[in-house]
Amino acid sequence: MRVDGQCHCGRIAYEAEVDPEQVYLCHCEDCQSISGGAGRWAASVAVSDFRLIRGETRAYVKRSAAGTESHQHFCAHCASPIYSTAPHKPEIVRLRVGTANQRGDLPPRTEVWVSSAQPWALTARDTKKLDRQ
């Protein structure tokens with residue numbers, strides 16, 4: 001599915017090809033903390049299927065307790081999260097679905113780290129639920 005989107009202020013815009021089956025909701029504590037919410041809604045996209053068409057992101061390097069790192073790309077002006085990448089999986093971009101104009105057509109198919117989920121935050125839909133990612 002072809003999507004396009006932008007940050008809240010519009011300085012960053014992108015296009016991507018998203019497989020709706022790859023849309024997930026992550027309930028891990030890092031995603032709760034970084035998003036300021038109950039978790040993060042994202043889609044794994046091949047790097048070849050993602051393109052920034054306007055602006056440049058800024059990146060925060062996040063390290064997990066296990067030592068792996070991920071680069072959290074966001075707009076330096078409005079702080080909208082756009083995507084993340086990880087050195088151990090350079091072929092994948094994790095697109096933040098909430099920035100896509102077609103977000104209403106991309107419900108999560110999987111929920112990960114449900115063991116860390118806020119009890120009120122699990123979706124009512126019939127998603128595949130995993131204790132870890």
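Guide: Two strands pair if DSSP finds at least two bridges between them. The model discussed here is predicted.

Visitor: Which residue in the turn between β7 and β8 has a positive phi?

Guide: Strand β7 covers residues 69–74, and β8 covers residues 81–86. The two strands run antiparallel and are joined by four bridges. They form a hairpin with six residues between them, and the turn residue with a positive phi, of about 70 degrees, is A79.

Visitor: Which residue of β8 stands opposite Q72?

Guide: Q72 belongs to strand β7, which is bridged to β8 in the antiparallel sense. Apart from neighbours within four places in sequence, the contacts of Q72 include Y83, S84 and R96. The residue of β8 that stands opposite Q72 is S84.

Visitor: Is Q72 buried or exposed?

Guide: Buried means under 20% relative accessible area. The relative accessibility of Q72 is 6%, so this residue counts as buried.

Visitor: With which side chains does the side chain of Q72 make polar contacts?

Guide: One polar contact, of 2.7 Å, joins the side chain of Q72 to that of R40. R40 is also among the residues in contact with Q72 when neighbours within four places in sequence are left aside. A further polar contact of 2.7 Å links the side chain of Q72 to the side chain of S70. The partners are thus R40 and S70.

Visitor: How many residues lie between β8 and β9 in their hairpin?

Guide: β9 covers residues 89–96 and pairs with β8 in the antiparallel sense over three bridges. Within this pairing, A86 stands opposite K89 of β9. The number of residues between the two strands of the hairpin is two.

Visitor: What is the order of the strands in the open sheet of three strands?

Guide: The edge strands are β1 (2–6) and β5 (50–54), each of which pairs on one side only. Five bridges join β1 to β2 in the antiparallel sense, and R2 has E17 of β2 as its bridge partner. Neighbouring strands of this sheet are turned against each other by 20 degrees on average, direction ignored. The order is β1-β2-β5.

Visitor: Which strands each supply at least two residues of the largest nonpolar core?

Guide: This core has 18 residues, and V3, Y14, A16, V18, V45, F50 and L95 touch the most other members. The strands that each supply at least two of its residues are β2 (13–17), β4 (40–46), β8 and β9.

Visitor: Which residues does V45 touch, not counting those up to four places away in sequence?

Guide: V45 is one of the residues that touch the most other members of the largest nonpolar core. With residues up to four places away in sequence left out, V45 touches A16, E17, V18, F50, E91, I92, V93 and L95.

Visitor: Why is there no bond between the sulfurs of C26 and C28?

Guide: A disulfide requires cysteine sulfur atoms within 2.5 Å. The closest cysteine sulfur to that of C26 is in C28, and the separation is too far for a bond because it is 3.6 Å.

Visitor: How many disulfides does the structure hold?

Guide: The structure holds zero disulfides. C9 is in no disulfide, its nearest cysteine sulfur being that of C7 at 3.7 Å. C9 counts as partly exposed because its relative accessibility is 35%, whereas C26, at 3%, counts as buried. The number of disulfides is zero.

How values were computed: Residues numbered from 1 in each chain as written. Predicted model: local features only at pLDDT ≥ 70, side-chain atom pairs only at ≥ 80, totals over all residues. Heavy atoms only, no water. Buried < 20%, exposed > 50% of the residue type's maximum accessible area, 1.4 Å probe, protein only. Polar contact = N/O pair within 3.5 Å; in protein donor to acceptor, adjacent residues only side chain to side chain. Contact = heavy atoms within 4.5 Å. Core = buried A, V, L, I, M, F, W, Y, C linked by side-chain atoms within 4.5 Å. Axes fitted to C-alpha atoms, helices over the stretch in contact; angles between N-to-C directions.
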